[in-house]
Each structure stands twice: as C-alpha cells, then as structure tokens.
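Colleague: Hey, could you walk me through this one? I'd like to start with how a couple of helices pack.

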Amino acid sequence: MRIFNVIIKFLTPAIISAIEAYRGMLYLGSSNRIPGSTVRGALMTWALNEGLVSKEEVDEEAVKPRYGITPFLASPEGKVLYRDLNIAHALAFRFKKGLEDQRIYSIGINELIRMFSEGLESDPVDALSTLIARESSVIDEAGDELKCSANIEGVMGEPICRDGGEWRVCEGVRSGLYIGVSIDRERKSVVPGALFGYEYVEAGSTYTGVISCENESVMLRILENIAKSRAKVSIGKCVGRGYGLAEVSVDEVEPIKPLDVREGDYLALEVVGPLSLISELRDSGMPVLAPPEPGRDIHVRLGSGELTLSIKAVYGGVESFRGWSLRRGVPKASLKALTYGSIIIARVKGSVNLINRLPYMGINRLGSQGLNILLPLTKDFIPRYGGGRP
Amino acid sequence: MIGVRRLKVGIVMRISGLAVWGSPFKDLTTGPPISTCYHVGMSQSLICIRGQYLKGLIRRWAELIEPILLRNGFISKELTRKIFGEPPPPQGGKASSIPSPIRVGDAYPVRDCRAAEELFKEGSFTYLTDSSGKICNAETALVTRVRIDDLTETVAEGSLFHETVVAPDTLMYFELSVGGLKIGEDVESARLLLASIAQLGLSFAGRSGSSLSIDKVLIEPEQLLSDNVVKLIAGWFR
C-alpha cells in the first residue's frame, strides 16, 4: 500500500455544494471540507481528459477499487493528515471567549476507553455523563484562570491543525455568494423566477487529504503522474464557467505509527470518512446502509484475515449524504451515516493488524468513495484542559 | 497519452464606453455593484466579468456562426453542442449534470497586451494568485443617472440612481480551454471558437450595453496555426 498526501489549491473560486435548498434555487457549500468522492471524480475526469486512463479502466476500478480516499480538509499549506492535521472528534471543545488562540481540548477519550475496558460502565450515556461531571469542575475553574466565561462549545467535525503541542481550529476559508439567472434562449432574456445562488470558496483556498493505493490501482498511476508535475484539475460545480480550477500536488508519505493492539482490547475509532454499514437487504436484494449502533459488529476482511470491531458506544451525529455519479450519469443512492468526527468505542477481535489499514483504505470498498474511513485511537491525540491524563 | 487533444485560447478585450456588470441592489439610490472577485496575491477585490457571462456570449455567437461554417465544410455537425454541452431546457429548467469540455474563466483587468501574453505563457488561471503586477484593478467611476418617463418625456418621479461603471478602454483578459478532444476535433474547435470570438466586437457587454473589441487572441498549441482557416481568422486579431 502506498500513501500520498494530496494538496489542492484553488486557483479560481470554487463551488463545492453541500446542501440544496429552496427547490434548487440556493446551493450552500461545505467550505471547510471537500468530500473524498468529489476529489476522486475530479481526478478520474482529469485523467480521462489527459488520456492517462481509458473509460474501461475507470469502470473496472469503480467496481473493484484498490484505493482509499479521505475527505479533504481546509488547512494551511504544509500540513499532513493524521500528523499535524485532523478532524476534531466528538469530545473536543474550545472556550467560547477569552483564549485568543482558541486552543482545542478534549473531555478525555482515554477515560472512556478505560471505563468500558474495566467494566466500570456499560451504558454509553452513563459513561459520557460520568465523564462530563468529572470534567465540569476543571472547566469551571478555567473561567477564573483565563479570566473569561467558562462557556465551551463543541467543535466536532472541524479541521484542526497542530502547532507545537497544541491543536487549534484551522483558519477558515473565505467564501462568497454568486447570484445567477437562467436565460431563455428564445426570448434572449431572463426566465421568470429563475434566480439562483451558489456559495463558493475564494481562490487561494487550500485543502489537504490522503489517498492510499494498492500497487495495481489506476489511481496510483494518476498520482504518480501528478507527482512528476502538478496537475490543473477542475473540482466542484460550474467548472465550465471558470469555477473550481485547482492545482493538485502530491507527496508520498509514510503511514502513521502502527498501534500496539491485542485481541480483546478496547479502543476508540474516530470517523474520518462518514460511516455507514449494511443494515438489511430489501426484497429486491438492494442493501440498505445505515449508521451503526452499539451492539453491532464491524467486519473488515482482507484475504484470509478478518478483523471484528464490536461496538460498545457511539458518540457523535448522523448526517444524510447524497451525490451524483458522473460515471453512470445517475444520482447516487442517498444514505445516512455517522458524521465526521464521531467516536466509536469498540472491542477488537480477530486479525488486529488490519487495524492499521483503517485510516487509509477504510473498512470496505466504500473507502474509495471517501466513506467508512476510521482513525483508531488507543489514546486521545487532543490534550485535556489543565494537562490532565487524557 | 491515448490520442487526446486540447486547446487553449487567451483573449484580451477592450471595453468601449462605460460598462456595468453585477447584480442589482433593491435600493436603486446606491446602484448595482460591479462583479468582483477576491485576489489572494493583491489581498483585495478586483473588477471581473464572470466566466458564465462570457461563456454565454461566446456560445450564442457559436450557435449563429455554426451553420455558416458547416455549410462551407469547416466544421462537423453538432460541434457547438459537443463543445458547450447540452443547453438547459427552454423554460429555464435545470442544466445538464454532465460538465461540458469547455472551460471559460473570469475576465480580469490587465496592464497591457504584453502582460496578458506573459500570463498566457505562465500557464492557465494563475490570475488570482499572481502578484507581479500584470493584473491590475480597473478604474471605476460613480455615475449619477435618471430614468425618463416615456409619457411625460421628463424625469420619472424618484428615479435618481447611481451606477459604478468601468472606465472606457479598460483591457480585460480571460482564457478558455477545451479538453478531451479527438484528433481533428481540435482544429475544428479552434475554427469555431476563433470565429465566434471575432464576433464579440459586435456584442454589447454588461447591463448598460457597452461594446467590446478584441485587442489580441493567443492560441495554444501553436501547431493549430498551420491550419489555413485558423491562421486566417487569427490574423484578424493581430
């Protein structure tokens, strides 16, 4: 498996649409994140237009993908995902006022893992309540120390960057709103009522993510080509009108240090790419995908090895995701998934070495669409306030 | 490479008269803002003409020119549709989700034609991160206007308003590119696009109907100029 840190820098304003509102008249963007599937589509389209790959190869790779792609996070240049760039998890917070530099703290994943592994708690809600009660007194004292209100806010899902030993929310990208109309070609004037708006991010915005490939993957060929000379790729909506031109650069990187995990251990998994698993099969045989719940197992298979993660607790949120397949020219099935930054506490069984593939290839082939990517954690990477044991 | 061709054209336009682009405010006393885009290199907003406006303008001329070029055997059938994509439904419904091969960038003010040539050679679409002075902000002026009542032939009650206009003789530069072309399609696309761009001098631009003229057109790859028709049309701009 080869791993590439990919940096996207927009040379023109870009429209990365996330929410369609008012019956197609307003498109709100996701300014701090680009879904992995959007980048994947853009790279494949670029490769097709450049003649690097054929349509048949793209179709084959779509059915049997041999790569994984993470979401791309708005970040300063020079950051590498999982090293000094990450997604804030469900237990991360910051003080609303007072600290100019807006450092990020955690309530403490380690404590949660310990509660479950030592059998102190079995109910997810009770476990979290106990943890919050314990941390409240520490946070209340912060108000005196920082001379500010101790009010805190959650930052789940936000891109965060590490500076020294501290994590902060990455500086946001500038955005704007483009208002357009539709022209009636017969009358050569505006179609009545056809006023619409797109939220865009300004030129100069930078996004970083990771793409991991097996040796036979078509995506590997694309990335190796980009590594030789930066590519100009069109990403997002309205590319024909000049939006979304980006310069893409790649650097091959080493994977993060493997975790020392044994069978039977408890660990936390942060959702990096939204997590959705098959919950049932319709009468037609089509699978229904749904976010996992406590009591379910996640199975990861590679060759003859199988890793099982028995879910004990889930903290975070559920979001709906939709999309359009450029390859097939049809909408993608909408699905509900655990959103970015959600935390799962799970017990490990089976081939524990497969754990280290999860941040890169995901748990199954949906990792090639930027879904089901998990970052396993045996200890919290975000410090507790006051420097306590995380 | 699997037999793929691409084409890039850089266009320098000169604005004649006082030009206005942008979305109107409700309050007519303040006047509509000009379209602007944020320039990272200069850390300010620049006057711009949006790419979608230019694409529509060029497309309109391509649709008018296409039958003439087709009749003379210079292009293949349905080339405009192939380059610009499927048009949206006549009643203004949702446009096709399949992106068209053509890409038209926003137009920005440039210092002069030489600066535009340098931008063209540097590689496309670096405008908004260029800090070398080739891109410069356009001069604007605030013009006070009134609306005339057609019946009384005098000023309509309460209809005093202001417009921010771009100064005459402003040079605006933009690029368009077409990718994923088969062998032979690049030459035909160049013929159609250059012929359409040549008609821009007959177009009115913006909301106040200012006219355009084309000062310079740059084309890449230069081998396309070995085609007689492309060479003839390109010669009109030099």
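Modeller: Sure! The crossing of α4(B) and α5(B) is left-handed, where left-handed means the near helix is turned anticlockwise from the far one by less than a right angle, and clockwise would be right-handed. Helices here are DSSP runs of H or I with at least four residues, strands are E runs of at least two, and both are numbered from the N terminus.

Colleague: Before we go on, what kind of model is this, and how are things numbered?

Modeller: It's a predicted model, where local features need pLDDT of at least 70, side-chain atom pairs count only at pLDDT 80 or more, and totals for chains, interfaces and linings use all residues. Residues are numbered from 1 along each chain as its sequence is written, chains are lettered from A and ligands numbered from 1 in the order in which they are written, and side-chain values use heavy atoms, leaving out hydrogens and water.

Colleague: OK, back to the helices. At what angle do the axes of α4 and α5 of chain B cross?

Modeller: Roughly 25°, and the axes of α4 (residues 185–198) and α5 (residues 228–235) of chain B come within 9 Å. Therefore α4(B) is roughly parallel to α5(B). For the cut-offs, angles under 35 degrees count as roughly parallel, over 145 as roughly antiparallel, 65 to 115 as roughly perpendicular and the rest as oblique. The axes are lines fitted to C-alpha atoms, for helices over the stretch in contact, with angles from 0 to 180 degrees between N-to-C directions.

Colleague: Which residues make the contact?

Modeller: From α4(B) you have Val187(B), Ala190(B), Arg191(B), Leu194(B) and Ala195(B), and from α5(B) there are Val229(B), Val230(B), Ile233(B) and Ala234(B). Contact means heavy atoms within 4.5 Å.

Colleague: New topic: any sheet in chain A?

Modeller: Yep, an open sheet of 3 strands in the order β7-β11-β12 (chain A), paired antiparallel. Two strands pair if DSSP finds at least two bridges between them. β7 (85–87) and β12 (166–169) of chain A each have a single partner strand and stand at the edges, so one side of each has no neighbour in the sheet.

Colleague: How many bridges join β7(A) to β11(A)?

Modeller: There are 3, and β11(A) covers residues 159–163. In that pairing, Pro159(A) is the bridge partner of Ile87(A).

Colleague: And the hairpin of β23(A) and β24(A), what's in there?

Modeller: β23 (residues 318–325) and β24 (residues 330–338) of chain A run antiparallel, joined by 7 bridges. Ser325(A) stands opposite Val330(A). The hairpin has 4 residues between the strands, and Gly329(A) has a positive phi near 70°.

Colleague: Which residue other than glycine has a positive phi near 75°?

Modeller: Tyr82(A), in the loop between β6 (72–74) and β7 of chain A. Glu153(B) isn't a glycine either, and has a positive phi of about 60°. Its place is the loop between β6 (140–148) and β7 (155–166) of chain B.

Colleague: Are those two buried or exposed?

Modeller: Tyr82(A) is buried, at 9% relative accessible area, while Glu153(B) is exposed at 66%. Buried means under 20% relative accessible area, exposed over 50%, partly exposed in between (1.4 Å probe, protein chains only).

Colleague: Last one: where's the cis peptide bond?

Modeller: From Glu220(B) to Pro221(B), with omega near 0°. Pro221(B) sits in the loop between β10 (210–220) and α5 of chain B.
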